[in-house]
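Hi,

Here is the structure I promised to pass on. Have a look at it first, and my notes follow underneath.

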Amino acid sequence: MSELNLILLGPPGAGKGTQADRLSDDFGLPHISTGDILRAQVAEGTALGEQAKSFMSAGKLVPDELIVGMITERLGEGDARDGFLLDGFPRNEQQADALASALAGLDRRLTAALLIDVPDDELVRRLAGRRVCVKNASHIYHVEFDPPKHEGVCDQDGARLIQRDDDKEETIRRRLEVYHSQTEPLIDHYDRAGMLRRFDGRRSADEVHVHIRATVATLRLEEEL
Ligand SMILES: [Zn+2]
C-alpha cells in the first residue's frame, strides 16, 4: 500500500496554509496542523490535552513527546491511513527524530519534506505591508498588493487601518531569525536523507501549487512502484 506521508516546511509568510489546503483537496490527504490538534485536544479535555494545558498555563512550551503523542493519535485515524500533510511540526532536528520514531512505531515512514523557500526580504515585504481594519479584523489590505482606495482607511466601513505588532518589520525579522536557526539544520537533515523537495516560494500561489502538485503526483507514482 502506498502512502503519502508529507511534511510542509517554510518560513512564516510563505503561504504554507494555502498550499496545504490545496494539496489536501488534490490528494485527499488530511491537513494536520499541530496548532489545531493542540487546541482541539485542550478544548476536548483529553488526557494529552490536560497535560498540554498544564504546561501552557505555567507559561512553558509543550514538550515534544506530548505533541508527538497527539500527532501519533491523529495519524491513527481513518482519514490519515493513506497519508497526511503535516504542518507546524517538526520544527527542529530533535522533533524530526521523535516523529521518525513515532512513525516507525506505526510501521510507517515519511515520504518527503516539502520546503517552500522564500527570501527574508520578500517575506518582510509581504508581511510588513499588511494593514488591518480596527473595526473588523477580517478587513485586510496590503499597501503594495491590495491597497485601500484611500490610504489608511478601510474601503468597507471607513474605519482606520493599522499595522499589527506582529506585522512590524523588527518582529518579523526576529521570527525569521528563530526560523532560520531552528529550521536550517532540519532542512539539511532531510536533504541528507534525500527526502527534501524545494519550491520557489517567490512565485505566485498558483504557480507554487502547480509545482508542488506535480512533485507529489510523482512521489505517489514512485511509492506505487
Ligand atoms: Zn473595515
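A quick definition to begin with: donors are N, O and S atoms within 2.8 Å of the metal. Keep in mind that this is a predicted model.

With that in hand, the zinc site is a good place to start. Going along the sequence, the donor residues of the zinc ion follow the spacing C-x5-H-x14-C-x2-D. The protein donors are Cys-133 (SG), His-139 (ND1), Cys-154 (SG) and Asp-157, which is listed twice through OD, and they lie 2.2 to 2.5 Å from the zinc ion. Cys-133 sits in strand β5 (residues 130-133), while Asp-157 is in the loop between β6 (140-142) and β7 (161-162), 24 residues apart.

Are those two buried or exposed? Cys-133 counts as buried because its relative accessibility is 4%, and buried means under 20%. Asp-157 has 29%, so it is partly exposed.

Next, the nonpolar cores. The largest one has 30 residues, and Ile-7, Leu-9, Ile-71, Leu-99, Leu-110 and Tyr-190 have the most contacts inside it. Among the elements that each supply at least two of its residues are β1 (4-9), α4 (64-75) and α7 (169-192); α4 gives the most, with 6 residues. Another core, of 24 residues, lies apart from it and includes Leu-114, Phe-199, Val-216 and Leu-219.

One last spot is Ser-2, in the segment before β1. Ser-2 counts as buried because its relative accessibility is 16%. Leaving aside neighbours within four places in sequence, Ser-2 is in contact with Asp-82, Glu-223 and Glu-224.

Cheers

Terms used
Residues are numbered from 1 along each chain as its sequence is written. This is a predicted model: local features need pLDDT of at least 70, side-chain atom pairs count only at pLDDT 80 or more; totals for chains, interfaces and linings use all residues. Side-chain values use heavy atoms; hydrogens and water are left out. A nonpolar core is a set of buried Ala, Val, Leu, Ile, Met, Phe, Trp, Tyr and Cys residues joined through side-chain atoms within 4.5 Å. Buried means under 20% relative accessible area, exposed over 50%, partly exposed in between (1.4 Å probe, protein chains only). Helices (H or I, at least four residues) and strands (E, at least two) are DSSP runs, numbered from the N terminus. Contact means heavy atoms within 4.5 Å. Donors are N, O and S atoms within 2.8 Å of the metal (3.2 Å for Na, K and Ca); water is not among the atoms, so sites may look incomplete.
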